[in-house]
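Trainee: Could you take me carefully through one part of this model, namely the place where the two chains meet?

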Amino acid sequence: MKPVAFDYYRPEAVSEALALLSEKGEEAAVLAGGMTLGPMLNLRVVRPRAVIDISRIQALKTITARSNIVVTGAGVVQSDALRANVIAREVPLLVMALPWVGHFQTRNRGTLGGSVAHADPSAEIPLALVVCDGAVVLQSRRRQRRVPAREFFLGALTTQRQPDEMVTALEWPRAAPDAGHAFTEIAQRHGDFAIAAAGCSLRLDKSGRLEELSLGVGGVESRPVAIDAKGFLGCSASDIAAGLCEHAAVSVTPMEDHSASADYRIALTRVLVERAVNDALAMARQRRDRLQ
Amino acid sequence: MTTLHRAAGERFTLHLTLNGQRRSGEAEPRMLLCDFLRHELQAFGVHVGCEHGVCGACTVLLDGRAVRSCTQYAAQADGADIVTVEGLAEPGTLNEVQRAFAKHHALQCGFCTPGILCSVTHFLRDTPAPDEQQVRDMLSGHICRCTGYAPIVAAVLEAATAIRKGS
């Protein structure tokens, strides 16, 4: 269980990392926290000729609040994000998703950008980014581009990232102060890969009708998916959870693997969406009452 | 360019601080940090279990944080400050956490214990007054197959109280 021999590069600036990526392309693997790439290297699931260690690039570790978004550098460590006041205030869904990511010991090393670049179907950070309708910033020597999260993930471990590109930042839209959020999942053991996960953000109008809704599930399909539920806008909040979970259950095309059948994933979608919607509703009501 | 490059198979000297002392040893790029600590620096308290980040036996404190030493490479830890179970208390003595583990029989075979002790050290620094759920959440990152978790949870909770009283 040792990796194949690789060339080790440790750039100190993004430009140096991009120069290496443009030269090595598919032969290179970008190493940040190593909480996913490390096991894959050790198990020889991947056999890169070169490993580019970006963990010491300080420019990738910043968290910046802009007018409408919070930008997290790709190298921000998960446990640091969990403690950052600006994220707690502006991106509550991410703070709710992070305790589900691996364990205390892996969050101390794993990064936000690494999880997104890796794109495990059941990973929580990609799902949170999809529910928030955030974006992934990709850089290469050729260009810089911004890909909406809902387009970035193509399938299991497959994204829009080209071999010479690196995920350098994530953009999280700031949540409204009266919005409610919830994140929940089912795994065989706490910290294991989720069999299914659900995230929800919503807002209510003054009369308790649904004004905004964003809903997504992870682990069910080969990538995190947003569930289109525009038809529920304007409905009275008191009776949407049952309808939404049925709607979600028929909207997904679940995968089947060693941990769960497709039918089981549909059953979990129904249960988790109902829980997430009800929890988000409770939070939205509480916040609305406090703000009034 | 300030990019550091180590060629595949190249042997190089690595310097870091281990349990308060400046140490150095030989590594190559693919050498796991846990293997470097054991084979080069004789820190045999670093136990190696699954080698893919699941079991938690190899957990050490790296710059103060409890992390797996099997899913990172020695080359990455160049210049780091590492504490292993050997450095948690003066040789021949036990700290509050270790005393509580002995009292509550929180170890049987002891294979998972060094990693757990390193995690608990960081955890109690961040969370000095944890509840049982928080302790169990932290322990979910360690696999213990013989002691059972109940005595470990009891030991961590008692150690937290003892440390709070002592400080």
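Mentor: What follows is a close look at that meeting place, with a short word on the chain on its far side. This is a predicted model, in which local features need pLDDT of at least 70 and side-chain atom pairs count only at pLDDT 80 or more, while totals for chains, interfaces and linings use all residues. Residues are numbered from 1 along each chain as its sequence is written, and chains are lettered from A and ligands numbered from 1 in the order in which they are written.

Between the chains, 29 residues of chain A are in contact with 31 residues of chain B (contact: C-beta atoms, placed from the backbone, within 7 Å). On the side of chain A that touches chain B, at least two residues each come from strand S1 (7-10), helix H1 (14-24), helix H2 (37-42) and helix H6 (104-107) (DSSP runs numbered from the N terminus, helices being H or I of at least four residues and strands E of at least two). Of these, S1(A) gives the most, with four residues, and the side as a whole has twelve nonpolar, ten polar and seven charged residues (Ala, Val, Leu, Ile, Met, Phe, Trp, Tyr, Cys and Pro are nonpolar, Asp, Glu, Lys and Arg charged, and the others, Gly among them, polar).

S1(A) also pairs with strand S1 (residues 4-6) of chain B, in the antiparallel sense and over three bridges (pairing needs at least two bridges found by DSSP), and within S1(B) it is His5(B) that is the bridge partner of Tyr9(A). Inside chain B itself, 15 residues of domain 1 are in contact with twelve residues of domain 2, where domain bounds come from an automatic or database domain assignment.

Conventions:
Contact = placed C-beta atoms within 7 Å.
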